[in-house]
Amino acid sequence: MVVSLAGRDILCLQDFTREELETILKTAEMMKIWNKIGKPHRVLEGKTLAMIFQKPSTRTRISFEVGIYQLGGYGLYLNAQDLQLRRGETIADTARVLSRYVDGIMARVFDHQDVVDLAKYASVPVINGLSDFSHPCQALADYMTIKEKKGKIEGLKVVYVGDGNNVAHSLMIAGTKLGANVVVATPEGYEPDAKVIKWAEQNAAESGGSFELLHDPIQAVKDADVIYTDVWASMGQEAEAEQRRKIFAPFQVNKDLVKHAKPDYIFMHCLPAHRGEEVTDDVVDSPNSVVWDEAENRLHAQKAAMALIMGGIKF
């Protein structure tokens with residue numbers, strides 16, 4: 001069956017079926033091969049992507065800007081402070097205006113409602129480059145990397161240790177849709193959103209995977225195929241950073257914790273890593289770490305997403 005994602009928004013991966021997610025991942029694999037062998041794939045020739053940034057970025061900006069260029073298009077960087085948004089123009093009006101100029105919008109925002117409103121009022125596809133609720137592009141790159149390293153996703157034990165944040169949400173959603181056994185370990189009071197937990201449980205029931213929420217990191221990582229972590233205090237939570245360091249200290253991914261995983265486990269982190277906090281150097285720099293492959297795959301996964309929704313290519 002040919003799957004078309006033309007014109008779709010990518011705000012949260014819960015909006016996609018397993019088949020649609022697998023289509024994006026297969027397209028990303030192909031894009032990566034074409035990139036490595038130097039085969040041109042300018043499927044978005046002449047198209048423009050508006051890239052709105054409310055938050056600083058390394059991987060998101062570079063991967064989208066390079067990605068749209070490699071697809072034959074142009075990425076227009078828009079700092080939110082440079083737009084009329086800061087002078088009171090509504091997101092709805094901004095979306096309507098941008099839709100007259102560009103072929104797609106990517107936004108990296110604080111509040112998830114901002115990307116929801118962009119998508120509601122824009123007449124072109126909108127991609128969530130990160131919000132406080134969801135980080136879909138990261139999860140696509142994550143599961144692309146897991147498939148590369150492990151040869152499959154279905155049946156693997158994927159363990160996230162740390163704050164139940166936007167990265168955890170997207171990892172939970174995509175993993176349970178793709179048939180993985182997803183485990184999240186957080187301190188009490190820092191669990192993922194209850195709505196996302198419910199989605200993960202429903203997804204797992206349909207895919208044959210599973211979802212489990214624990215508060216003991218050692219129990220969580222037992223026989224893990226994948227161990228994933230993220231910073232303990234995200235952007236906007238700086239005032240909580242010191243308190244969070246104390247609460248999350250037992251959830252640090254270090255050499256003692258990873259001993260409980262399978263010997264061939266892989267370590268993942270969305271980056272940037274706060275070395276010595278959520279993860280130690282001897283883990284992030286170990287042979288088990290795939291964080292640099294994971295970071296690279298942001299480029300390929302996002303190229304696939306853009307090609308499918310902006311270019312209408314079918315696979």
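Start by selecting Phe211: with a relative accessibility of 15%, this residue counts as buried, since the cut-off for that label is under 20%. Bear in mind as you click around that this is a predicted model.

**Stop 1: around Phe211**

Phe211 sits in strand 7, which covers residues 210-214. Now add Asn181 to the selection. The two are 30 residues apart in sequence, yet their C-alpha atoms are 5.9 Å apart in space. Which residues touch Phe211, once its neighbours within four places in sequence are set aside? Show Met172, Thr176, Val182, Val184, Ile197, Ala200, Glu201 and Ala204, and you have the set.

**Stop 2: the sheet that holds strand 7**

Zoom out to the strands. Strand 7 belongs to an open sheet of 5 strands in the order 7-6-5-8-9, with parallel pairing. Strand 7 and strand 9 are at the edges; each has a single partner strand, so one side of each has no neighbour in the sheet. From one strand to the next, the twist averages 20 degrees.

For a look at the pairing itself, select strand 6 (residues 181-185) together with strand 7: they pair in the parallel sense over 5 bridges. Pick Ala185 and you will find that its bridge partner in strand 7 is Leu214.

Next, bring in the helices. Helix 5 packs on this sheet and touches strand 5 (157-161), strand 6, strand 8 (226-229) and strand 9. The direction of helix 5 makes about 165 degrees with that of strand 9. Helix 6 lies across strand 5, strand 6, strand 7 and strand 8, and runs at about 160 degrees to strand 6.

**Stop 3: helix 5 against helix 6**

Hide the strands and keep these two helices. Two packed helices are described by the angle between their axes and the distance between the axes. Here, helix 5 (residues 136-150) and helix 6 (residues 166-177) have axes that come within 9 Å and cross at roughly 50 degrees. That makes helix 5 and helix 6 oblique to each other, and their crossing is right-handed. To see the contact, show side chains for Pro136, Ala139, Asp142 and Tyr143 in helix 5, which meet Ser170, Leu171, Ala174 and Gly175 in helix 6.

**Stop 4: the 4-stranded sheet**

Strands again, but in another sheet. This one is open, has 4 strands in the order 2-1-3-4, and its pairing is parallel. Which strands stand at the edges? Strand 2 (74-79) and strand 4 (126-130) do, each with a single partner strand, so one side of each is left free of a neighbour in the sheet. The twist averages 20 degrees from one strand to the next.

Select strand 1 (residues 48-53) with strand 2, and you have a parallel pairing over 6 bridges. Ile52 is the residue to click: opposite it, in strand 2, is Leu78. Then move to strand 3 (residues 104-108), which pairs with strand 4 in the parallel sense over 4 bridges. There, Ala107 stands opposite Asn128 in strand 4.

Stay on strand 4 for a moment. It is mostly covered, with 5 of its 5 residues buried.

**Stop 5: backbone oddities**

Most residues other than glycine have a negative phi, and most peptide bonds are trans. A few spots in this model are worth a look with that in mind.

Begin with Leu130, which lies in strand 4. Its phi is near 160 degrees, a positive value in a residue other than glycine. Leu130 counts as buried, at 8% relative accessibility.

Now jump to Leu271, in the loop between strand 9 and helix 11. Leu271 is not a glycine either, but has a positive phi of about 70 degrees. Leu271 is buried too, with a relative accessible area of 12%. Is the peptide bond from Leu271 to Pro272 cis or trans? It is cis, with omega near 5 degrees. Pro272 lies in the loop between strand 9 (266-269) and helix 11 (281-284).

**Last stop: the cysteines**

Select the cysteine sulfurs. How many disulfides are there? The count is 0. The sulfur of Cys12 is 12 Å from the closest cysteine sulfur, in Cys137, which is too far for a bond, given that a disulfide needs the two sulfurs within 2.5 Å. Cys270 is in no disulfide, as the nearest cysteine sulfur, that of Cys137, is 13 Å away. Cys12 is buried, at 5% relative accessible area, and Cys270 is buried with a value of 8%.

Note on methods
Residues are numbered from 1 along each chain as its sequence is written. This is a predicted model: local features need pLDDT of at least 70, side-chain atom pairs count only at pLDDT 80 or more; totals for chains, interfaces and linings use all residues. Side-chain values use heavy atoms; hydrogens and water are left out. Buried means under 20% relative accessible area, exposed over 50%, partly exposed in between (1.4 Å probe, protein chains only). Two strands pair if DSSP finds at least two bridges between them. Helices (H or I, at least four residues) and strands (E, at least two) are DSSP runs, numbered from the N terminus. Axes are lines fitted to C-alpha atoms, for helices over the stretch in contact, and angles run from 0 to 180 degrees between N-to-C directions. Angles under 35 degrees count as roughly parallel, over 145 as roughly antiparallel, 65 to 115 as roughly perpendicular and the rest as oblique. A crossing is left-handed if the near helix is turned anticlockwise from the far one by less than a right angle, and right-handed if clockwise. Contact means heavy atoms within 4.5 Å.
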